[in-house]
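Subject: Handing over the model

Hi there,

Here is the structure I promised to pass on to you. Please have it open while you read the notes that come after it.

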Amino acid sequence: MSFLFHLVKRYPFSDVFILAIWILSLVPFFPETPLDNVRFIDKWVHFVMYGGTFTILWIEYTVKHNKPDYEKLFFWAWLMPIIMSGIIELLQEYCTGGHRSGDWLDFAANATGVTIAALIGLLILRLSPKR
């Protein structure tokens with residue numbers, strides 16, 4: 001429990017955005033918008049949602065740490081978000097009573113967003129004046 005409190009205290013912005021991803025991913029429905037006519041808008045939303053959230057995580061990490069631990073970053077800022085994305089897609093498919101559907105292309109867009117965030121994060125770490 002203290003580990004979770006530590007994460008919430010240390011990375012508050014990332015935690016808020018991660019919570020928002022979980023909520024938005026599991027609500028039963030969304031109202032229609034004019035953007036529904038844009039081709040692949042859903043995939044773009046996934047890409048931006050995951051890419052933005054985990055770029056924020058990398059920035060928070062860079063601000064809070066003087067010396068990066070790349071193994072922890074690989075696990076917490078790249079692998080875990082991709083695993084989280086897969087879990088959410090499975091929950092959408094099997095646990096929302098047919099209101100939401102899991103989609104492997106959503107998973108691919110999420111993973112792409114997380115990977116781009118990791119590349120941006122590595123660039124931020126490299127250019128950080130602390131190093």
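Below is what I found, going from the whole chain to single residues.

**The chain as a whole**

Please keep in mind throughout that this is a predicted model. The protein chain has 5 helices and 0 strands, so read from the N terminus the order of elements is simply α-α-α-α-α. If you want a feel for the dimensions, the C-alpha atoms fill a box of roughly 50 × 35 × 20 Å along the principal axes. Of the 131 residues, 32% count as buried. How are the contacts spread along the sequence, once you look at residues at least 6 apart? Of those contacts, 79% join residues at least 24 apart.

**What the record says**

The UniProt entry, which is unreviewed, carries two annotations that you may like to lay over the model. One is "domain: VanZ-like", placed by UniProt at residues 7–123. In the model that span is 75% helix and 0% strand, and its end C-alpha atoms lie 23 Å apart.

The other UniProt annotation is "transmembrane region", given for residues 12–31, 43–61, 73–92 and 104–125. I can add some geometry for two of these stretches. Residues 73–92 are 100% helix and 0% strand in the model, with 27 Å between the end C-alpha atoms. Residues 104–125 are likewise 100% helix and 0% strand, and here the end C-alpha atoms are 31 Å apart.

**How H2 and H4 pack**

Helix H2 covers residues 12–26 and helix H4 covers residues 70–94. Their axes are 10 Å apart, and the two helices pack at an angle of about 20°. Because angles under 35 degrees count as roughly parallel, H2 and H4 are described as roughly parallel to each other. The crossing of the pair is right-handed.

Which residues make the contact between H2 and H4? On the H2 side they are Ile 18, Ile 21, Trp 22, Ser 25 and Leu 26. H4 brings Met 84, Ile 87, Ile 88, Leu 91 and Gln 92. Sorted by class, this contact has 8 nonpolar residues, 2 polar ones and no charged ones.

**Three residues of H5**

Helix H5 runs over residues 104–127, and Ala 109 is part of it. Is Ala 109 buried or exposed? Its relative accessible area is 10%, so Ala 109 is buried, the cut-off for that class being under 20%. Setting aside residues up to four places away in sequence, Ala 109 touches Lys 43, His 46 and Phe 47. For a backbone distance, take Ala 109 and Val 48: these two are 61 residues apart along the chain, yet their C-alpha atoms are separated by 8.8 Å.

Asn 110 also lies in helix H5. At 1% relative accessibility, Asn 110 counts as buried too. Leaving out neighbours within four places in sequence, the contacts of Asn 110 are with His 46, Tyr 50, Ser 85 and Glu 89. His 46 therefore turns up in the contact lists of both Ala 109 and Asn 110, contact here meaning heavy atoms within 4.5 Å.

Thr 115 is another residue of H5. With a relative accessible area of 30%, Thr 115 is partly exposed. Apart from residues up to four places away in sequence, Thr 115 touches Trp 78 and Ile 82. The C-alpha atoms of Thr 115 and Leu 7 are separated by 21 Å, with their positions 108 residues apart along the chain counted as separation.

**Two places around H3**

Phe 40 sits in the loop between H2 and H3. What is the phi of Phe 40? It is near 60°, a positive value in a residue other than glycine. Phe 40 counts as partly exposed, at 49% relative accessibility.

Helix H3 itself spans residues 41–64, and Lys 64 lies in it. At 37% relative accessibility, Lys 64 is also partly exposed. Lys 64 and Trp 76 are 12 residues apart along the chain, and 15 Å separates their C-alpha atoms.

That is my tour of the model; I hope you enjoy looking through it.

Best wishes

Notes: Residues numbered from 1 in each chain as written. Predicted model: local features only at pLDDT ≥ 70, side-chain atom pairs only at ≥ 80, totals over all residues. Heavy atoms only, no water. Axes fitted to C-alpha atoms, helices over the stretch in contact; angles between N-to-C directions. Helix = DSSP H or I, 4+ residues; strand = E, 2+ residues; numbered from the N terminus. Parallel < 35°, antiparallel > 145°, perpendicular 65-115°, else oblique. Left-handed = near helix turned anticlockwise from the far one by under 90°. Nonpolar A, V, L, I, M, F, W, Y, C, P; charged D, E, K, R; others polar. UniProt positions renumbered as here; feature names shortened; annotations may be inferred. Buried < 20%, exposed > 50% of the residue type's maximum accessible area, 1.4 Å probe, protein only.
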